[in-house]
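Grab a pencil and get ready to poke around a protein model. Try each task yourself before you read its solution.

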Amino acid sequence: MTAALLYVKDAAQVVTVAGASGKPKTGAGMNDIGVIACGSVVVDGDTGLIVFVGSVPEAESFVRDRIQASPAVEVHTVDAAGKIVLPGLIDPHTHLVFAGTREHELEMRLQGATYMEILQQGGGILYSTAQTRKATEEQLAEQSEKRLDRFLLHGVTTVEAKSGYGLTTDDELKQLRVARRLHESHPVDIVSTFMGAHAVPAEYKTDPDEYVRIVIEEMLPKVAEEGLADFCDVFCEQGVFTVEQSERILEAGKRHGLIPKIHADEIVSFGGAELAAKVGAISADHLLKASDEGIRRMAEEGVIAVLLPGTALYLREEPARAREMIKASVAVALSTDRNPGSCPTESLPLIQNLGCLMMRMTPAEVITASTINAAHAIGRAAEIGSIEVGKKADLVLFDAPNYAYLQYNFGVNLVDTVIKNGRIVVQGGIRCDGE
């Protein structure tokens, strides 16, 4: 087989986001994104790994040396002139696999109904649950694949995907099997999270502890037996799962090898951030109402804050206190929270815009938050999240002269080319076959 190199040549900027020494970036370090002006990246076409990052003259010398060492090597050049190159974007919190869109709830919210009021009336998560239970695996896969396609066209190369719209053992397993199937067939990689504790289903409304027992004693063992998830999540919130119930579920998940995550302090200050620190969660997500003590404890225990400004916007709530978290040395990541009710979007670049406009994060910080810190939030930072030799060649070329231009342009998709595992899968903003 003829060896091949993919040569991404002469970008206006290569934004490496390197230099974190194996840890998520915090504080002032979130602004250190490793910009190389007039930079290039070289990828080994056989392994899909990055073999060179640096200036154009250094890249030319590297490629020339490889050709001299192996005259049969084929060099495929991607002209990046006038564009910037970033690591593939990573979305660390999505509810990808579901049936049952909820556009009918938009007008209800505009008329004053709250998220919890809609849920208590059988809407929200419970509506999507009813539709997901009716759907076959084939139907769920078909709908979810379309969402993955849109993620890819917006520069996202890896997503985390939660269950939580089945709320029975069989239907939770169904969601997770669909996620695994899509991971195996689609260019976007999927990291799965079990979230049987997303809501108390209607049939257990009067006995939520019995449902907690089912999650712990029936669902978790089967999820672990099939190896369907890496993480266990719970919606720790007033009117959903108590702190005590959430702790029981997350500790049970740990016994089955699942790393804790937590939906925390979204609606009220409920102690979710503190619980995340107590159980050693890899991340606490939402955090709109997180307490000062919760933020302090997260910083101490290294819990990553996954912030979801699109959800705050859609629900017309004040966003999380990103600036205070960054000042407190909490590692911050960003996500769409793609779901059918409170944030129906696959545009992570839009979420970056909102990170700047709603939470006063800098353009550099939002890049860090949706690349290397997002990778840490799903346990994949050794492989993805930055442009470094030895990492997977997950790269995005944006039609922009510099990285600040991405946030200056609001709500515009500037993705030109996406490279996944060293293969071009989007070119000229259009999905291609990756050959």
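Below are five exercises on this predicted model, each with a worked solution.

**Exercise 1: the sheet**

Find the strand order of the open eight-stranded sheet, and work out which strands sit at its edges.

*Solution.* Step one: walk across the sheet and you read E6-E7-E8-E9-E10-E11-E12-E13, with parallel pairing. Step two: look for strands that pair on one side only, and you land on E6 (89-91) and E13 (332-334). Step three: check the twist, which averages 25° from one strand to the next.

Now zoom in on one pair. Strand E11 (residues 283-286) runs parallel to strand E12 (residues 304-307), and three bridges join them. Within that pair, Ser-283 stands opposite Ile-304.

As background, strands in a sheet pair through backbone hydrogen bonds, either parallel or antiparallel.

**Exercise 2: a helix called H9**

Decide how far helix H9 (residues 272-279) is enclosed, and find what covers its buried residues.

*Solution.* Start by listing the buried residues: Gly-272, Ala-273, Leu-275, Ala-276, Ala-277 and Val-279. That makes six of the eight residues in H9, so the helix is largely enclosed by the rest of the structure. Next, look at the cover: it includes strands E9, E10 and E11, plus helices H8 and H10 (292-301). Finally, step off the end of H9: Gly-280 follows, and its phi is positive, near 75°.

One of those covering pieces ties back to the sheet. Helix H8 (residues 243-255) packs on the sheet and touches E8 (189-197), E9 (231-236) and E10 (259-264). The direction of H8 makes about 175° with that of E9.

**Exercise 3: the largest core**

Which residues touch the most other members of the largest nonpolar core?

*Solution.* This core holds 117 residues, and the ones you're after are Phe-194, Leu-287, Leu-307, Met-361 and Phe-398. Then ask who contributes: helix H7 (residues 208-226) gives the most, with eight residues. Next, check the domains: the core draws at least three residues from each of domain 1 (4-87 + 386-431) and domain 2 (89-378).

Let's follow Phe-398. Skip its neighbours within four places in sequence, and its contacts are Lys-83, Ile-84, Leu-86, Leu-89, Leu-406, Leu-414, Val-415 and Asp-416.

There's also a second, separate core, with 16 residues, including Leu-6, Ala-11, Val-43 and Ile-424.

**Exercise 4: a pair of tyrosines**

Classify the ring pair Tyr-204 and Tyr-211, then say whether each residue is buried, partly exposed or exposed.

*Solution.* A search of the whole structure turns up five aromatic pairs. For Tyr-204 and Tyr-211, the ring centres are 5.7 Å apart and the planes meet at 40°, so call this pair tilted. Now the accessibility: Tyr-204 comes out at 23%, so it counts as partly exposed. Tyr-211 comes out at 0%, so it counts as buried. To finish, look for a third ring: ring pairs link Tyr-204, Tyr-211 and Phe-241 into a cluster.

**Exercise 5: two more tyrosines**

Do the same for Tyr-405 and Tyr-408, and locate them in their helix.

*Solution.* Geometry comes up front: the ring centres lie 5.8 Å apart with planes at 45°, so this pair is tilted. Next, the location: both residues lie in helix H16 (residues 404-408), three residues apart, which is about one turn of the helix. Here's a handy rule: an α-helix has 3.6 residues a turn, so residues three or four places apart point the same way. Last, the accessibility: Tyr-405 has a relative accessible area of 29%, so it's partly exposed, while Tyr-408 has 66%, so it's exposed.

Definitions and conventions: Residues numbered from 1 in each chain as written. Predicted model: local features only at pLDDT ≥ 70, side-chain atom pairs only at ≥ 80, totals over all residues. Heavy atoms only, no water. Pairing = 2+ DSSP bridges. Helix = DSSP H or I, 4+ residues; strand = E, 2+ residues; numbered from the N terminus. Axes fitted to C-alpha atoms, helices over the stretch in contact; angles between N-to-C directions. Contact = heavy atoms within 4.5 Å. Buried < 20%, exposed > 50% of the residue type's maximum accessible area, 1.4 Å probe, protein only. Core = buried A, V, L, I, M, F, W, Y, C linked by side-chain atoms within 4.5 Å. Domains from an automatic or database assignment. Phe/Tyr/Trp six-rings, centres within 6.5 Å; stacked < 30°, edge-to-face > 60°.
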